[in-house]
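Hello,

Here is the structure we talked about handing over. Please have a look at it first; my notes follow below.

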Amino acid sequence: MKTRRTPALLACAAVTALLLTGCGAGDSSGGEASDGAARRSDAFPAPSAPRTDEGGRTAAPDHLSTFALDVDTASYGYARRTLADGALPDPSTIRPEEFVNSFRQDYERPDGDGFSVTVDGARTGAGDWSLVRVGLATRSATEESERPPAALTFVIDVSGSMGEPGRLDLARHSLGTMTDRLRDDDSVAVVTFSDKAETVLPMTRLGGHRGRVHDAVDSLEPTDSTNLGAGVETGYATAVDGLREGATNRVVLVSDALANTGDTDADAILERIGTARREHGITLFGVGVGSDYGDALMERLADKGDGHTTYVSTEQDAREVFCAELPRNIELTARDAKAQVAFDPETVADFRLVGYDDRAVADDDFRDDRVDGGEVGPGHTVTALYAVRTRPGAQGPLATATVRWLDPDTRTPHETSGRLATGALHDGLADAPVRFQVTATAAYFADVLRRAETPLPAAPSLAELSERAHALADRTEDEDVRELAAAIDQAARAGSADGGDEPAPASG
């Protein structure tokens with residue numbers, strides 16, 4: 001993804017031209033544009049804090065929020081691992097969107113490729129602040145037999161640090177299990193790296209050759225230092241050599257990302273394999289392991305590699321990732337997907353997006369299809385949560401959310417939108433749908449852990465948050481929500497052990 005540049009200020013004339021009138025409450029049907037025409041999906045500009053120009057004059061407000069879609073969950077997984085070990089995670093590793101996207105949602109799904117858009121919200125009781133949820137969903141995952149074949153190049157870290165229990169041993173077990181579950185027409189290559197990289201197994205069809213893959217996986221043993229750059233470069237070269245037309249070609253990096261030899265900069269590493277990414281459409285799926293984990297490097301690699309990351313610390317996590325999540329991610333339904341949310345300046349006084357700091361896109365680049373977005377497959381949901389302050393007594397249209405993506409094969413652009421009016425806001429968080437409440441709980445928890453300078457409105461204490469999470473776990477009977485409640489309890493204990501009741505202030 002390209003670095004965000006400062007958006008151009010919207011002129012007052014443009015603001016007037018883009019105002020949306022007559023928007024219905026909660027309409028998520030949207031429209032679709034398949035020709036990439038520069039229409040604005042009935043969007044209206046949206047406000048943020050007032051700005052001044054060099055002369056001190058008040059500048060036109062920015063009414064738009066634009067970001068690349070992200071289905072990463074590694075930040076939440078690594079935080080849970082750290083909390084389970086009795087410590088608080090480093091605030092710099094907390095990405096709230098990855099907490100929110102770690103939980104199942106109940107959004108309506110589209111019939112074909114592309115997205116559905118759901119926009120809903122609830123008042124918080126703190127002044128005129130509400131939480132607004134933008135939910136995007138792709139179609140349900142196809143049956144295993146219906147997806148395209150896969151050509152997967154596994155790039156496995158065999159450096160000395162991978163000898164810790166729960167790292168290379170977990171990878172070996174998981175890859176062996178996954179090998180038995182992939183189809184005969186799928187292909188697998190294996191690359192290892194420590195101080196140097198080696199192609200242990202070139203791209204090999206599984207039909208009749210599973211034993212060769214098992215032998216390659218079973219032979220993995222930890223050795224020396226971590227030259228992650230060499231591993232990624234050799235992995236992509238191996239993927240290009242084994243490129244299969246009509247298949248999903250993907251590099252799967254399994255590492256603790258503690259690079260200490262050779263190139264250790266994500267931009268430099270990805271620059272060397274840029275042609276493989278751009279010309280051949282080879283995407284990167286990063287799987288993080290280990291109690292010491294290079295979260296920032298892995299996340300940058302995935303963002304720049306048109307892919308996403310996850311984190312595993314237990315056999316259950318690994319089974320989910322390698323035997324369920326990875327097969328689901330073999331197929332793509334959207335490339336370079338971006339979302340733009342427009343807030344009505346007549347009803348909205350202020351807003352802020354929770355997370356997505358590293359996925360920000362300049363507002364003017366929303367319809368520039370040369371600017372990278374996110375890659376999304378079937379069965380995925382993407383959630384963005386906003387804190388929104390409405391104007392006192394304001395009624396009418398509140399927000400329009402538009403998602404734009406490219407067809408993964410033809411690269412034809414498409415768009416669809418969903419809308420929300422003030423009248424559709426729930427009176428309180430307790431009145432909102434249960435999955436909305438789970439989303440808010442995960443976001444509040446991330447906000448506490450990252451020690452946000454401006455906490456979310458009506459932020460509860462950790463004790464209150466724990467009570468909510470346990471109640472939601474009972475209502476949903478969802479094991480993931482129960483694990484969230486346990487993580488909140490662990491954070492409270494870790495905060496007390498550090499000499500305070502909580503790891504960060506949590507008042508709104």
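**What turned up**

A197 is partly exposed, with a relative accessible area of 22%. The cut-off for buried is under 20%, so A197 does not count as buried. Please keep in mind that this is a predicted model.

A197 belongs to strand β8, which covers residues 197-205. Which residues does A197 touch, leaving out those up to four places away in sequence? They are T192, A230, G231 and T234. N227 is also worth a look. It lies 30 residues from A197 along the chain, yet the two C-alpha atoms are separated by 7.7 Å.

Next, the hairpin. Strand β4 spans residues 116-123, and seven of its eight residues are buried. That is why β4 is largely enclosed by the rest of the structure. Its partner is strand β5, residues 129-137. The two strands run antiparallel and share eight bridges. One bridge to pick out joins T118 to G135 in β5. Five residues sit between the strands of this hairpin. There, G125 has a positive phi near 90°.

Last, helix α9, residues 295-304. Is this helix largely enclosed or largely open? Eight of its ten residues are buried, so α9 is largely enclosed by the rest of the structure. The buried set includes charged-letter entries to find quickly in the viewer: D295, E299, D303 and K304. L297, M298, L301 and A302 are buried too. Just after the helix comes D306, with a positive phi near 55°.

Best wishes

Key
Residues are numbered from 1 along each chain as its sequence is written. This is a predicted model: local features need pLDDT of at least 70, side-chain atom pairs count only at pLDDT 80 or more; totals for chains, interfaces and linings use all residues. Side-chain values use heavy atoms; hydrogens and water are left out. Buried means under 20% relative accessible area, exposed over 50%, partly exposed in between (1.4 Å probe, protein chains only). Helices (H or I, at least four residues) and strands (E, at least two) are DSSP runs, numbered from the N terminus. Two strands pair if DSSP finds at least two bridges between them. Contact means heavy atoms within 4.5 Å.
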